[in-house]
Amino acid sequence: MAHDQPTALERFVNGILPENPVYRQLLGMCPTLAVTGAMKPAMTMAGATAFVLIMANIMISLMRGLLKPHLRILVFTLTIATFVTIADRFLAAFMYDMSKQLGPYIPLIIVNCIIISRCEICASKQSLFTAVSDGVGMSMGFALALASIATVREVLGSGTWFGLTLLRSQGEGGWWPAWGIMVLPPGAFITLGCLLGLVNWIQERSAKRQRARA
Amino acid sequence: MAGPETETGAGGEAPSETAPEARAPDLHVAPGPHISNPALTTRGMMVDVLLALIPAAAMATWVFGLSALAQIAICAASCVVFEAVFTRMRGRRLSILDGSALVTGVILALSLPWSAPWYVGVIASLAAIGLGKIVFGGLGQNLFNPAMVGRAFVMISFAALLGAPAYVDPASALDALTQATPLTAAKQGAPVPGLWPLFLGVTNGSLGETSSLACILGGLFLCLRRTAAWQIPAGVILGVAVLAGLDNLLHPDAAWTVLHHLLGGSLLFGAFFIATDPVSSPLAPRGRFIFGLGVGILVYVIRVFSGYPEGVMFAVLLMNAATPLIHRATIPRPLGGPVPQKA
């Protein structure tokens with residue numbers, strides 16, 4: 001049973017692109033749509049999610065021998081809730097403005113399907129090292145996805161990136177007509193849709209090329 | 001399907017077996033419609049719409065000068081280019097010759113203010129063709145009116161460039177441009193223009209909407225040619241007239257009367273050219289009337305109760321979203337009774 005599970009390296013690599021949580025699994029749509037209006041909140045969200053995901057994977061992997069099948073989801077949820085609370089309080093203490101800005105979305109990490117799916121798929125079945133590398137890979141994939149969406153939305157929507165001015169918008173006396181809609185919720189859906197289409201298109205092309213080579 | 005078969009099988013054993021032996025009647029079985037008009041093509045309809053838009057475009061050029069023509073050229077050209085690019089990307093047959101992208105571009109241009117910079121038209125066309133049309137599968141598949149999707153996109157993006165202040169240029173030599181649009185004036189309690197200027201169209205506003213006369217001329221042409229369904233504009237006008245009439249009865253001394261509501265803003269332009277898009281409006285005559293009525297009611301509600309001075313764009317988009325429901329409610333009964341449901 002154990003030997004047909006992916007290895008630690010495979011878990012790590014899969015999380016980044018081949019099984020990217022946002023673009024390939026369509027998990028964690030709530031933060032993906034809600035906090036990607038700019039890079040700063042998106043990266044804070046990615047960091048908080050990474051912390052919760054890796055810590056939850058470590059805990060679940062350590063206690064995987066003790067899990068009872070009918071109680072496992074409850075244990076997952078309690079473990080995740082513990083780390084979400086830690087992340088939430090940490091942000092409130094040290095990054096108060098960001099915590100205010102992200103509002104309910106930090107506590108909502110608890111219902112982020114990426115984390116519970118990694119607990120169920122990987123951490124509850126595999127060793128500590130594999131679980132950690134899985135958590136790191138998935139976190140990187142998630143951060144990459146949020147960064148790509150937030151980059152498009154922030155550059156088009158306000159002409160900045162990470163708060164740095166790339167294109168001076170007209171509101172500040174520059175020339176760039178900021179696309180206000182990209183910062184608003186419709187922009188999230190439009191950007192996600194376009195990038196998802198792009199990823200699928202690239203995937204299809206590379207698959208076709210591989211088939212042609214074979 | 002299953003019903004009649006089992007019935008013949010159970011009831012009479014002979015007919016279905018012996019029928020082929022008798023001389024087979026020369027019957028062609030095909031789904032309706034059985035009589036169609038070969039002259040009624042997409043291209044023909046689009047040419048009709050373009051012809052009908054000529055009075056409005058001419059009026060816009062007369063009132064707003066060459067900026068109107070430039071706006072129309074920018075939007076029409078970019079819509080056609082984007083249509084060609086996107087259909088090419090999807091690997092479909094090039095569909096620009098049917099003229100639908102051209103019509104979208106012209107309607108879009110006529111719904112923009114004269115002062116909108118060139119990139120507003122280009123981005124609006126990108127959103128109209130890309131998000132409004134091609135994403136859903138091209139002409140005939142779109143849920144929403146493409147021109148209004150494009151306008152909504154830039155309206156929300158560039159609020160400063162398309163809001164009420166964008167229409168006014170106090171330094172302009174053109175008389176119309178020195179005043180606020182009639183609906184903004186009404187909203188702010190400023191003196192409202194007379195009915196005759198509103199009817200002729202020498203007031204401020206989006207390019208194509210100012211002249212009620214031009215819209216009625218083009219609209220009647222469309223309705224008489226049956227390119228546009230008359231039920232939709234009738235519903236729109238009735239919806240606004242009834243609500244505004246009630247309001248007028250309650251406040252008899254208000255300066256903004258029913259006729260102001262009907263002639264001002266883009267109501268007639270929207271009723272005749274935007275709401276009548278055959279793709280995103282219902283098919284059944286009753287449904288078309290309900291659709292028009294809904295647009296009219298929403299226009300009035302948005303004009304009177306919201307922060308926006310005009311509501312045609314959002315009213316049409318909202319009713320587009322309701323079109324599938326209206327379809328379902330107004331399926332015509334086929335000849336010979338309703339289609340039997342499968343058990």
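In the predicted model, helix α7(B) has twelve residues, which at 1.5 Å a residue should span 16 Å, and the 17 Å separating its end C-alpha atoms agrees with that expectation. Eleven of these twelve residues are buried, so α7(B) is largely enclosed by the rest of the structure. The buried set consists of B:Pro146, B:Ala147, B:Met148, B:Val149, B:Gly150, B:Arg151, B:Ala152, B:Phe153, B:Val154, B:Met155 and B:Ser157. The cover over these residues is drawn from both chains, since it includes α8 (180-183) of chain A together with α5, α6, α8 (159-162), α14 (267-274) and α16 (312-329) of chain B.

Helix α7(B) also takes part in the contact between the chains, in which seven residues of chain B are in contact with six residues of chain A. On the side of chain B that touches chain A, the elements giving two or more residues are α6 (118-131) and α7 (146-157) of chain B, and α7(B) gives the most, with three residues. In composition, this side of chain B divides into six nonpolar residues, one polar residue and no charged residues.

Elsewhere in chain B, helix α4 (residues 66-89) comprises 24 residues that should span 34 Å at 1.5 Å a residue, and its end C-alpha atoms are indeed 34 Å apart, in agreement with the expected value. The buried residues of α4(B) are B:Ala68, B:Gln71, B:Ile72, B:Ile74, B:Cys75, B:Ala76, B:Ser78, B:Cys79, B:Val80, B:Phe82, B:Glu83 and B:Thr87, and what covers them includes α3 (42-64), α5 (100-110) and α6 of chain B. After α4(B) comes B:Gly91, which has a positive phi, near 70 degrees.

Within chain A, a helix pair is formed by α1 (residues 8-16) and α7 (residues 128-158), whose axes come within 6 Å and cross at roughly 15 degrees. Because angles under 35 degrees count as roughly parallel, α1(A) and α7(A) are described as roughly parallel to each other, and the crossing in which α1(A) passes α7(A) is right-handed. From α1(A), the contact involves A:Ala8, A:Arg11, A:Phe12, A:Val13, A:Asn14, A:Gly15 and A:Ile16, which meet A:Phe129, A:Thr130, A:Ser133, A:Asp134, A:Val136, A:Gly137, A:Met138, A:Met140, A:Gly141 and A:Leu144 in α7(A). The residues of this contact between α1(A) and α7(A) divide into nine nonpolar, six polar and two charged.

Note on methods:
Residues are numbered from 1 along each chain as its sequence is written. Chains are lettered from A and ligands numbered from 1 in the order in which they are written. This is a predicted model: local features need pLDDT of at least 70, side-chain atom pairs count only at pLDDT 80 or more; totals for chains, interfaces and linings use all residues. Two residues are in contact if their C-beta atoms, placed from the backbone, lie within 7 Å. Helices (H or I, at least four residues) and strands (E, at least two) are DSSP runs, numbered from the N terminus. Ala, Val, Leu, Ile, Met, Phe, Trp, Tyr, Cys and Pro count as nonpolar, Asp, Glu, Lys and Arg as charged, and the others, Gly among them, as polar. The expected span of a helix is 1.5 Å times one less than its number of residues. A residue is buried if 20 or more other C-beta atoms lie within 10 Å of its own, exposed if 12 or fewer, and partly exposed in between; C-beta atoms are placed from the backbone. Axes are lines fitted to C-alpha atoms, for helices over the stretch in contact, and angles run from 0 to 180 degrees between N-to-C directions. Angles under 35 degrees count as roughly parallel, over 145 as roughly antiparallel, 65 to 115 as roughly perpendicular and the rest as oblique. A crossing is left-handed if the near helix is turned anticlockwise from the far one by less than a right angle, and right-handed if clockwise.
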